[in-house]
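Dear colleague,

Please find below the structure that I am handing over to you. My findings follow it, and I would be grateful if you would read them with the model open.

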Amino acid sequence: MIRIRQLQKVFTDARGGRVIALENVNLHVKRGEVFGIIGPSGAGKSTLLRCINMLERPTQGSITIDGTEVTGLKGRDLRIIRRQMGMIFQHFNLLSSRTTYRNIAFPLEISGVSDYETKERVEQLLALVGLEDKAKAYPSELSGGQKQRVGIARALATNPKILLCDEATSALDPRTTRSILGLLKSINKEYGLTIVMVTHQVEAVKQACHSVAVIERGKVVEQGRTEELFSRPGTETTRGFLENIRVAEVSGGSFKKPGDTCEVQSRAKEVIKDVC
């Protein structure tokens, strides 16, 4: 479904220097699987996700989506590919002036879908994520878990083949995290949707992902089936990272390696428009 070959992404810092965010990344995400990308903050996880939907253009390398090479696409051809990919975010990126209904409808409005079809689709999605009674509520009136359910429904509005999740549960408490992961697993199973999940939460990967890649300082250091990688990590990097994550989760903190470069942050409305 998604093939990434020898991907590199280089940024220029404020002083004109080169910052290598991704280096020689090779991944294969199979159709219909939940694929986790895990690593410390600043490892390049979100940059990799944004390269997949071409919100960031790779410096070099190849990304193939469902048989189509996307790195050279522009204009209408790129928009068509992006409509096949929904995206959900850590901080929800809902539009505060819109109700739950109108947030979910937003991608459909941009795509020119009729009011009748939009109403039918939004009602289906409200039922799917269990928010039928919150259709008229504004984001300020919703809990964190409810906001993320709106984000999931919005990402599914255009019937994408792929769902990209950028730290989708990192801002949620453990109980709500389990609920959201359960919803994503249900969507994956029922609709055969391919899901790529970026996270630094080991438990999220264990609960939801079939396969996982560990990324550190822009490089994939290990990848494989989730149960195998976690039970028998093959590199010191992976073993050390998993141990640090477990310590952080036990202490209630979050793991972040000093000196890691900051990942690119999305801007709510502009990013949603680009993705749609």
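I begin with Q6, which is exposed, because its relative accessible area of 53% is over the 50% cut-off. Please bear in mind throughout that this is a predicted model. Q6 is found in strand β1, which covers residues 2-12. The phi of Q6 is near 50 degrees, a positive value in a residue other than glycine.

N159 also has a positive phi, of about 55 degrees, although N159 is not a glycine. This residue lies in the loop between α5 and β7 (162-166). N159 has a relative accessibility of 55% and therefore counts as exposed.

For orientation, here is the chain as a whole. The secondary structure of the protein chain comes to 10 helices and 10 strands. The chain has 276 residues, and buried residues make up 51% of them. Among contacts between residues at least 6 apart in sequence, 70% join residues at least 24 apart.

I turn next to a pair of helices. In general, two packed helices are described by the angle between their axes and the distance between the axes. Helix α5 comprises residues 144-156 and helix α6 comprises residues 174-191; their axes come within 10 Å and cross at roughly 20 degrees. This angle is under 35 degrees, so α5 is roughly parallel to α6. The crossing of the two helices, α5 and α6, is right-handed.

Which residues of α5 and α6 meet? From α5 the contact involves G145, Q148, R149, I152 and L156, and from α6 it involves T176, S179, I180, L183, L184 and I187. By class, the contact of α5 with α6 has six nonpolar residues, four polar residues and one charged residue.

Q148 merits a separate paragraph. This residue lies in helix α5. Is Q148 buried or exposed? Its relative accessible area is 0%, so Q148 is buried. A polar atom of the Q148 side chain lies 2.7 Å from the backbone oxygen of A168. Leaving aside neighbours within four places in sequence, Q148 is in contact with I88, F89, Q90, F92, A168, L172 and I180. A168 thus appears in both descriptions of Q148, as the residue with the backbone oxygen and as one of the contacts.

S62 is a residue of strand β4, which covers residues 60-65. With a relative accessibility of 18%, S62 falls under the 20% cut-off and therefore counts as buried. Its side chain makes a polar contact, at 2.6 Å, with the side chain of E69. When neighbours within four places in sequence are set aside, S62 is in contact with R3, I4, R5, L7, E69 and T71.

The last element in this account is helix α3, which comprises residues 100-110. Which residues of helix α3 are buried? They are T100, N103, I104, A105, F106, P107 and L108. After α3 comes G112, whose phi is positive, near 80 degrees.

When you examine the model, I suggest looking at Q148, since this residue is buried. Q148 also belongs to the set of α5 residues that meet α6.

With kind regards

Definitions and conventions
Residues numbered from 1 in each chain as written. Heavy atoms only, no water. Axes fitted to C-alpha atoms, helices over the stretch in contact; angles between N-to-C directions. Helix = DSSP H or I, 4+ residues; strand = E, 2+ residues; numbered from the N terminus. Parallel < 35°, antiparallel > 145°, perpendicular 65-115°, else oblique. Left-handed = near helix turned anticlockwise from the far one by under 90°. Contact = heavy atoms within 4.5 Å. Nonpolar A, V, L, I, M, F, W, Y, C, P; charged D, E, K, R; others polar. Buried < 20%, exposed > 50% of the residue type's maximum accessible area, 1.4 Å probe, protein only. Polar contact = N/O pair within 3.5 Å; in protein donor to acceptor, adjacent residues only side chain to side chain.
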